[in-house]
Amino acid sequence: MNKPQKLTPFKHFCLSIGVIPSAYTDAMTYYELLEWLCKYLQDTVIPTVNNNSEVVTELQDYVSHYFDNLDVQEEINNKLDEMAESGQLAEIISQYLQTQ
């Protein structure tokens, strides 16, 4: 599985005059919309995607190495011993043998 890659900042070639719209109306020009979109991508979308890629990488590593050191045989033996002491294991075996 490929590891997710981080997005790098992109270059855009728009000059801004600040927060003052170039036309003194409520509408924004295409140029101003492009500036707003670039700033939104730069400040919000790219950091979020990069954060998610780090989390996905950590999760992938966790899942990949989860079963490396997992010893379930001891847990199974403990559960079987507990069931044998309580008599539950004998009941299960007798029910199985009766159905056969």
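Buried means under 20% relative accessible area, exposed means over 50%, and partly exposed lies in between (1.4 Å probe, protein chains only). This is a predicted model, in which local features need pLDDT of at least 70, side-chain atom pairs count only at pLDDT 80 or more, and totals for chains, interfaces and linings use all residues. Residues are numbered from 1 along each chain as its sequence is written, and side-chain values use heavy atoms, with hydrogens and water left out.

**View 1. The whole chain is a run of helices, α-α-α along the sequence.** The protein chain has three helices and zero strands. Helices (H or I, at least four residues) and strands (E, at least two) are DSSP runs, numbered from the N terminus. Of the chain's 100 residues, 10% count as buried. Take the contacts with a separation of 6 or more: residues 24 or more positions apart account for 56% of them. Contact here means heavy atoms within 4.5 Å.

**View 2. Asp43 and Lys39 form a salt bridge in helix H1.** A salt bridge is a side-chain nitrogen of Lys or Arg within 4 Å of a carboxyl oxygen of Asp or Glu. The structure holds two. In this one, the closest N and O atoms are 2.7 Å apart. H1 covers residues 30–65, and the two partners sit four residues apart in it, about one helical turn. An α-helix has 3.6 residues a turn, so residues three or four places apart point the same way. Asp43 is partly exposed, at 45% relative accessible area. Lys39 is exposed, at 54%.

**View 3. Lys79 and Glu82 form a salt bridge in helix H2.** Their closest N and O atoms are 3.6 Å apart. The spacing is three residues within H2 (residues 73–86), again about one helical turn. Lys79 is partly exposed, with 44% relative accessibility. Glu82 is partly exposed too, with a relative accessible area of 48%.

**View 4. H2 ends and Gly87 follows.** The phi of Gly87 is positive, near 90 degrees. H2 itself has 14 residues and reaches 20 Å from first C-alpha to last, close to the expected 20 Å. The expected span is 1.5 Å times one less than the number of residues.

**View 5. Helix H3 lies largely in the open.** It has 12 residues, and the number buried is zero. H3 covers residues 88–99 and should span 16 Å; its end C-alpha atoms are 17 Å apart, which agrees.

**View 6. H2 meets H3 at a crossing of roughly 85 degrees.** Their axes come within 4 Å. Axes are lines fitted to C-alpha atoms, for helices over the stretch in contact, and angles run from 0 to 180 degrees between N-to-C directions. H2 is therefore roughly perpendicular to H3, a term for angles of 65 to 115 degrees. On the H2 side, Leu80, Met83, Ala84 and Ser86 take part; on the H3 side, Gln88, Leu89 and Ile92. These contact residues divide into five nonpolar, two polar and no charged. Ala, Val, Leu, Ile, Met, Phe, Trp, Tyr, Cys and Pro count as nonpolar, Asp, Glu, Lys and Arg as charged, and the others, Gly among them, as polar.

Conventions
Parallel < 35°, antiparallel > 145°, perpendicular 65-115°, else oblique.
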